[in-house]
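Visitor: Please give me a close look at one part of this model, the backbone of its loops, and set that part in the whole fold before you go into detail.

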Amino acid sequence: MTATQDRPTAEIGRDRRRKEDQRLITGRTRWTDNIALPGMLHLAMVRSPFAHATITGIDTEAAAGAPDVVAVVTGRDLADVQGSIPTAWNITTDQKSPPHPAMAVDRVAFAGEVVAAVVARSAAAARDAAELVDVDYDEHPAVLDLKKAADDSTLAHPDLGTNKSAFWQFDSAGAGTGGSIDEAIEQARSGGILIEREYRQQRLIPAFMEPRSFVCDPNGEQLVLWSATQIPHITRFFLAAVLGIPESKIRVIAPDVGGGFGGKLQFVPEEIITVLVARRTGKPCKYTETRSESLMAAHHGRDQWQRLTLAADSEGTVTGLKVDLLCDLGAYAGTVGGGVPILGAFMYNAIYKFPAYQFNCTNYYTNKTLTDAYRGAGRPEATFAIERLMDELAAEVGVDPLEIRERNWIGHEEFPFSTVAGLEYDSGNYEAATAKAKESFGYDELRAEQRQRRESGDRVQLGIGISTFTEMCGLAPSRVLGALNYGAGGWEHAQVRMGGTGKVEVVTGASAHGQGHETAFSQIVADRLGVPFEDVEVLHGDTQISTKGYDTYGSRSLVVGGEALVRAADKVIEKAKPIAAHLLEASADDIEFESGRFSVRGTDQGMGLAEIATAVFAAHNLPDGIEPNLDSEATFDPVSFSYPHGTHLCAMEVDTETGEVRMRKYTCVDDIGNIINPLIVAGQVHGGLVQGIAQALWEEAVHDEAGTLVSGSFVDYLLPTSADTISFDIDHTTSPSTTNTLGTKGVGEAGTIASTPAVVNAVVDAVRHLGVTDVQMPCTPERVWRAIHADGAGGSTEGAAMPHFDDAEPGRDSTEGAGA
């Protein structure tokens, strides 16, 4: 009996509990902070309390004399070796980027920037001594408001001469993908519909489960760095570039990593400081940030102002969209921070057929923590904007929001479809997803209840929010990244190694941080090679084992990394075929492979892959000229993105007297192509939904007038728990992607992208009949109440979005309609 005969018929599509959960859930694993090496030293960072200041002196004497302290390191001590933290994405050739030292030398540009590090024999001793470092500052005016940054009246970096980093534009007329936005707007102004809005994407904090942690061992032939990172391969590249050490001499290990959401997609100051101190002391060094440090100094997300102009004819058919985006980079350009808005540039048209489109983006520096990729990276912002606008258009035309979407979306028979933003969507069926969601949600019944509540003047009103979204996943075709000035490629690498017993080792360049790679990749290889799921081991996150890769972000692991695995597995089969023919004394042309078994066509002769692996291991009887090795590898560079889509429907109850909002029901139907493991997908969707809902209702990073983060703990930064949400109804339709043989599209960011506009649309829909047209995120009870009572005792909605070309009160329709 061969191992193949014991396996189920199909793994792909099966609900498999995750292989990695036993160690992750029980804690019987190794996080970076659990690593202890003989003689290891510990670091504590001294951080600036000021947003913008000159360092006039640092007294380290008291700290250096504290018990168990080995050294105190300042920026001046590292000035000759630390270089500048590199950015991977200069979106224009003339982008301005201030030098970004790992440790500030003369000047700090945000509250939380590292100015010194204490090195001690224990973490407690290092933290205690860090309190004794006395730093003198000469405080300067700080620029903290994104709009004020644009006028350059206060400069975040005086030496730069401006706060502007770069301007980037896409214009459909210039690109040849559509018509003139100016003509579309002019036509709408003279007989059509012109909707002008301004939306705020508040600053968010990724708040991953495991704070950032680094351990560096500088001894031996290799420099070894353990890092709680999403990007071990990219980190190795940056270390080699900054330190001038060959990549072969650097080993980066990402052990089990507690979450990322883009928050661990960076090469960060604390990482290079740990390495530099380890090399200077010649001893292993560890730094693990506190939760407060993580919230304050690990990068933040979003933080944009969106000015939008949508043109449509009188029937509600969209004729053009113009986007003017202001983006806050914070104090420095992050690893991919400048490019995040560009990822969104191609998604503002969403699932709709716009004939004209223009996207203008200006990035500015401020004296706040830098911003960078955060779950969805540019695409949630784009989806929020267009889905909010579609609701406004529906209200203007006087039709149901679902109907206005249907009038404008791409029909399923029109795929593949070239968009006005220059992308080609390969597959999709928006009608099917919407119909399924509508039925499951009970859309018509809830609309009837909404009418009844409005007619009765119920204190608690009901709103229904819609979000019909798409995104681009599988980042990314390397040639596209090159065209956008991104500094790296988008391919992924995989190896399949056959053991002599028939067990399979899979090595992937996609580095996991909780997504379930080991389980999903095992299912793929088990099916492809016809071996038992349990016989597949997936290795990742160690650049010495997985020597090539581009790591994990942008829902690329399955779409790009999974396809690389498929191709490597297919090579194993092709290598085994001539050996099978030899052993079965048949012609190679007569050998067939199915479900892990090679057989001679038209006969009952055959043998399993495991038997061939054993024969190869022994190498006693192989064909002449055949190497005794079934191992294979493949590198896959996608020719295009994949495009998941879906329809999300949300029902919210709003208390018109208190502003309290309560989620009543949430239904989503996502089309993510073929599904490898429905259980993992459900988990990804649930987590994504909560993250997006949190932006709509709870989360916001708030700084005071001095630039201090006042939402610097979980008391002030409202991170939701399972108790804050409801049970979601999730389902799927399937339009397989044509850009990879698995037909998968990616799911990691879908829930986050779609849910935010669904929730806000529902909140606004609940009180639109009271004249409210917008509530700024997060939709706190106070903001909702102020929007409802804007012309009463509550006054205006502080900071709320409003038609920026309109003199109407914030958050209220200038026409003050009595009903919708």
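Guide: What follows goes from the whole chain to its cores, and then to single loop positions and their surroundings.

The model is predicted, so local features are reported only at pLDDT of at least 70 and side-chain atom pairs only at pLDDT 80 or more, while totals for chains, interfaces and linings use all residues. Residues are numbered from 1 along each chain as its sequence is written, and side-chain values use heavy atoms, with hydrogens and water left out.

The protein has 22 helices and 28 strands; these are DSSP runs numbered from the N terminus, with helices being H or I of at least four residues and strands E of at least two. Its C-alpha trace spans about 90 × 75 × 50 Å along the principal axes. For 820 residues, a compact globule would have a radius of gyration near 28 Å, and the protein agrees because its value is 28 Å. That radius is taken over C-alpha atoms, and the globule rule is 2.2 Å times the number of residues to the power 0.38.

Of the 820 residues, 61% count as buried. Buried means under 20% relative accessible area, exposed over 50%, and partly exposed in between, with a 1.4 Å probe and protein chains only. The accessible surface comes to about 29600 Å², and carbon and sulfur atoms hold 48% of that area; the areas come from the Shrake-Rupley method with a 1.4 Å probe, and for residues only the protein chains shown count as cover. Among contacts with a separation of 6 or more, 79% are between residues 24 or more positions apart, where contact means heavy atoms within 4.5 Å.

The largest nonpolar core has 130 residues, and Y348, Y357, F359 and Y666 have the most contacts inside it. Such a core is a set of buried Ala, Val, Leu, Ile, Met, Phe, Trp, Tyr and Cys residues joined through side-chain atoms within 4.5 Å. Beyond its neighbours within four places in sequence, Y357 is in contact with ten residues' worth of surroundings that include F170, L321, V323, Y348 and V420. A second, separate core has 44 residues, including V504, I579, A613 and V616.

Now the loops. Most residues other than glycine have a negative phi, and most peptide bonds are trans. The bond from L475 to A476 is cis, with omega near -10 degrees; A476 lies in the loop between strand 18 (460–470) and helix 16 (478–483). Another cis peptide bond joins M777 and P778, with omega about -10 degrees, and P778 is in the loop between helix 21 (750–767) and helix 22 (781–788).

Two residues stand out by phi. F261 is not a glycine, yet its phi is positive, about 55 degrees. The loop that holds F261 runs between strand 11 (250–253) and helix 9 (269–281). With a relative accessible area of 31%, F261 is partly exposed. A619, also not a glycine, has a positive phi of about 60 degrees and lies in the loop between helix 19 (609–618) and strand 25 (632–636). At 36% relative accessibility, A619 counts as partly exposed.

F261 can be followed to a helix. Q691, in helix 20 (residues 678–697), touches F261, Y374, R375 and T752, not counting residues up to four places away in sequence. Q691 itself is buried, with a relative accessible area of 10%.

Two further loop positions show how sequence separation compares with distance. P141 is in the loop between strand 6 (134–139) and helix 5 (146–149) and counts as exposed at 61% relative accessibility. P141 and A51 are 90 residues apart in sequence and 8.5 Å apart in space, C-alpha to C-alpha. Leaving aside neighbours within four places, P141 is in contact with H52, T154 and N367. T603, in the loop between strand 23 (597–600) and strand 24 (606–608), is partly exposed at 37%. T603 and E534 are 69 residues apart in sequence, and their C-alpha atoms are 30 Å apart.
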